[in-house]
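Biologist: I am new to this structure and should like to learn how its features are read. May we begin with the surroundings of a single residue?

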Amino acid sequence: MAMMEEKLARAGMARTKDSLLRRMGRDLRRNRVIYLMALPVLLYYGVFEYGPMYGLQIAFKDYSLGDGILGSPWVGFKHFQEFFESFYFWRLIRNTLLLSLYDLLFGFPAAIGLALLLNELRVQWFKRTIQTVTYLPHFISIVVVVGMMVDFLARDGVVNQLLMLFGMPETAYMREPDWFRFLYVASGIWKEVGWGSIIYLAALAAIDPTLYEAAKVDGAGRWKQALHITIPGIMPTVIILLILKMGTMMTVGSEKVLLMYTPLTFETADVISTFVYRKGILESNYSYTAAVGLFNAVIAFTLLVVSNSLSKRLTDTKLW
């Protein structure tokens with residue numbers, strides 16, 4: 001009896017597998033053009049995103065170029081332990097989290113606020129002008145932006161010249177550790193606030209206009225309309241982008257930090273990504289920096305999963 005049941009179960013699994021393969025074959029034939037269009041994207045992620053994961057094993061090895069990945073000896077968690085016990089560990093964690101936290105607290109809401117303000121403008125030519133002016137900095141290279149900051153904030157720059165007119169002392173802002181975080185976040189807001197507002201404007205355009213008309217009939221002013229219709233209408237979009245932002249909190253842009261910082265500002269400017277660049281590229285300490293990068297990626301992934309779970313539980317809006 002048991003053997004009969006086992007044979008029937010195997011036969012059922014075989015039929016299910018054959019049916020699934022047939023459905024997949026029909027779907028591939030029916031949508032072959034769509035799958036063909038998706039092929040370059042799949043190849044990109046396979047070659048440049050998943051392929052390099054093979055090299056993550058050097059974080060657990062004493063890697064050398066001569067021996068290669070497979071020939072290098074295993075050392076276990078030696079490099080992780082060395083990083084955790086190093087002088088730089090807490091400084092890197094603190095600087096990375098603080099820069100990301102300040103950007104989250106001030107940069108993330110800035111795009112939402114700009115979108116809400118633009119949505120309230122009724123003079124179309126003025127609205128388009130403001131949009132154009134705020135969008136333009138996004139297309140300026142980060143190298144040019146930092147170059148402008150260096151020139152404007154130098155001791156003989158425009159900013160110090162204006163401050164000296166009011167009797168204030170000149171300051172080398174780009175060389176002061178206490179000014180680095182402010183300059184990093186403020187320049188990021190200036191550059192990306194207009195571009196970041198686009199997705200919120202699209203979400204605002206999707207709100208049913210009859211809701212506003214009904215609110216006007218009930219006597220709601222523009223403030224109450226924004227509070228009870230506009231903000232709840234874009235909240236799912238805000239939550240999704242917030243979840244994605246949480247996943248990048250540990251990956252502060254190394255390009256901008258590398259361009260902005262100097263040895264004088266390492267105390268507040270040095271982050272994990274720049275530390276990996278110096279140790280890995282400049283000093284060729286590949287295994288050590290691979291371990292640091294892997295640790296950073298695990299923390300970022302954990303933040304993404306936790307924020308998505310909390311959002312699903314509290315708001316019923318989730319990324320997956």
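Modeller: Certainly; please note that this is a predicted model. Leaving aside residues up to four places away in sequence, Tyr 200 touches Phe 108, Ala 111, Ile 112, Ala 115, Ile 234, Thr 237, Val 238 and Leu 241.

Biologist: How many residues does the largest nonpolar core have, and which have the most contacts inside it?

Modeller: In soluble globular proteins, nonpolar side chains tend to be buried together. Here the largest nonpolar core has 21 residues, and Tyr 200 and Ile 234 have the most contacts inside it. Two or more residues of this core come from each of α5 (88–120), α9 (177–205), α10 and α11. The largest share, 7 residues, is given by α5. There is also a second, separate core of 18 residues, with Val 145, Met 149, Tyr 184 and Val 257 among them.

Biologist: How should one read the packing of two helices, and at what angle do the axes of α10 and α11 cross?

Modeller: Two packed helices are described by the angle between their axes and the distance between the axes. For helix α10 (residues 209–217) and helix α11 (residues 222–247), the axes come within 11 Å and cross at roughly 150°. Because angles over 145 degrees count as roughly antiparallel, α10 is roughly antiparallel to α11. Their crossing is right-handed.

Biologist: Which residues make the contact?

Modeller: From α10 they are Leu 211, Tyr 212, Ala 215 and Lys 216, and from α11 they are Gln 225, Ile 229 and Thr 230. By class, the contact of α10 with α11 has 4 nonpolar, 2 polar and 1 charged residues.

Methods. Residues are numbered from 1 along each chain as its sequence is written. This is a predicted model: local features need pLDDT of at least 70, side-chain atom pairs count only at pLDDT 80 or more; totals for chains, interfaces and linings use all residues. Side-chain values use heavy atoms; hydrogens and water are left out. Axes are lines fitted to C-alpha atoms, for helices over the stretch in contact, and angles run from 0 to 180 degrees between N-to-C directions. Helices (H or I, at least four residues) and strands (E, at least two) are DSSP runs, numbered from the N terminus. Angles under 35 degrees count as roughly parallel, over 145 as roughly antiparallel, 65 to 115 as roughly perpendicular and the rest as oblique. A crossing is left-handed if the near helix is turned anticlockwise from the far one by less than a right angle, and right-handed if clockwise. Contact means heavy atoms within 4.5 Å. Ala, Val, Leu, Ile, Met, Phe, Trp, Tyr, Cys and Pro count as nonpolar, Asp, Glu, Lys and Arg as charged, and the others, Gly among them, as polar. A nonpolar core is a set of buried Ala, Val, Leu, Ile, Met, Phe, Trp, Tyr and Cys residues joined through side-chain atoms within 4.5 Å. Buried means under 20% relative accessible area, exposed over 50%, partly exposed in between (1.4 Å probe, protein chains only).
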